[in-house]
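I opened the notebook today to look at a ligand site and a pair of helices. Here are my entries, in the order I looked things up.

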Amino acid sequence: MIVDRQGRAFRNLRISLTAACNYACTYCVPNGKRLVAAQDELSADAMARGVEYLIEAAGIERLRITGGEPLVTPKFEPFLQAVSTLKLKDISLTTNGQLLAKKLPIIIDNGVRRLNVSLDTLDAEAFPALARGGDLKTVLAGLEEARQAGLKIKVNMVPLRGQNLDQVLPLLEYCLEHGFELRFIELMRMGHLARDPNGFQQQFVRLAELLEIIGAVHPFVQADAPIDATALRYQVEGGGYFGVIANESVPFCRTCSRLRLSSTGWLHGCLSSSNRHFVGDLLDKPRHLALPALQRLLVKALADKQDIAFSGGVTVMKIIGG
Ligand code: SAM
C-alpha cells in the first residue's frame, strides 16, 4: 500500500464511466451544452481491469461509479458485471436518477445496495433551469422504485444562492419522509467556477448559513461519522439524518482517501490539483508489466493531494465525476 507522510492512502476509487451526461447543470457545465462521450473513452473491459489493477496496486477497498452520467452509457452493465466479481467491500453509484427506474434490475442484480441521487430542487419549474435536461417526475419515480427495492439512498443537493436556497427545507422534509439521507454539498470552485471567483461567491452558501436555515425549523444535533468521512452528519429531532460535505468550511483534505479514474484513462489524486497521470495504456498490459508502472504513478498521484484546505481546480466535475 502507498501511504504519504500524513498517513493518507488511496482506499476509495471513483470511476467516471463516461463524460457524457443527459443534464448540463449550471454549476457543472458553463455553456449549457450537454457533454458527449469523449472519442478516446476506455472500454468497459479496460475500466474494469483498471479497478482490478488498482485494488492490487493501491489497496482500493470501495468503488463509486459516477460520471458524467453513468447510466447513459452502454458500458454500464458490462462494467458493473465485471467489477461485481472483484474483491471490493462496497460498490456504490452516483446518478441523476433519470434512468434509475429502467436500470434498477441491473443495479440490484449486480449487488449495488447504495445509491446517491442528485436532486437540486423539488420545484418542477425551477428544475429545467438548473439541470438543463431531464425532468423532475422521472427522478422522483426512480427514487420511489429504488426505495421500494430496499436500496440505501442518499440525495445530493448543491445549495445555490439565488437558485435553490428555498428548496433546502422542502428537500430535507421530502428526504426525512421517505427515509433518504440528504447530503448538502457546498459548491466547489471547479471548472468554470475556478476561473470566476465573483460568480462563485455570489452562488456559494456556506455550512453555517445552511445549518441556521435548517435549525430554525428542525432542531438537530451533530452525529458521529467515520474518521475518513467526507460529510458532517446531523441527527434531526424526531428522527432521520442529514449530512453536509463542507469542502470550504470544514475541509477534509487531511483524511482524504480518494482516487479518481476518468473515462479516458487519467488518474487524479486530488480535485484541487491540475496534475493527472495517464494509465489508459497500462490497462491492456498483463499485470506483471502494468502493476509496477501503476505503482510509480500512484506515488505521484498521492503527492498531488493538498495538505490542508480544498482550493478548487479547473478540472470539470463531469470529467472526473465529483
Ligand atoms: N451525473 C451524476 C449525478 O448527477 O449525480 C454523477 C456525476 S455529478 C458530477 C456528481 C455530483 O457532483 C452531483 O451531485 C453534482 O451535484 C456534484 N457537483 C458537480 N459540480 C459541482 C460543484 N462545482 N460543486 C459541488 N458539487 C458539484
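I started with the ligand and found 19 residues around it, counting a residue if one of its heavy atoms lies within 4 Å. Tyr27, Gly68, Glu69, Ser118 and Met188 are the closest. This is a predicted model, in which local features need pLDDT of at least 70 and side-chain atom pairs pLDDT 80 or more, while totals for chains, interfaces and linings use all residues. Numbering runs from 1 along each chain as its sequence is written, and side-chain values use heavy atoms, without hydrogens and water.

Next I sorted the shell by class: 8 residues are nonpolar, 9 polar and 2 charged, with Gly counted as polar.

Then I looked up polar contacts (N or O pairs within 3.5 Å). Tyrosine 27 places a polar side-chain atom 2.8 Å from a ligand oxygen. Glutamate 69 has a side-chain N or O atom 3.0 Å from a ligand nitrogen. At threonine 95, a polar backbone atom sits 3.4 Å from a ligand oxygen. Of the 550 Å² of accessible area that the ligand has on its own, the protein covers 95% (Shrake-Rupley, 1.4 Å probe).

Last, I checked the helices (DSSP H or I runs of at least four residues). Helix α1, residues 44–58, packs against helix α2, residues 76–83, at about 30 degrees, with axes 9 Å apart. The two are therefore roughly parallel, a term for angles under 35 degrees.

Notes: A polar contact is a pair of N or O atoms within 3.5 Å; within protein, one must be able to donate a hydrogen and the other to accept it, and residues adjacent in sequence count only if both atoms are side-chain atoms. Axes are lines fitted to C-alpha atoms, for helices over the stretch in contact, and angles run from 0 to 180 degrees between N-to-C directions. Angles under 35 degrees count as roughly parallel, over 145 as roughly antiparallel, 65 to 115 as roughly perpendicular and the rest as oblique.
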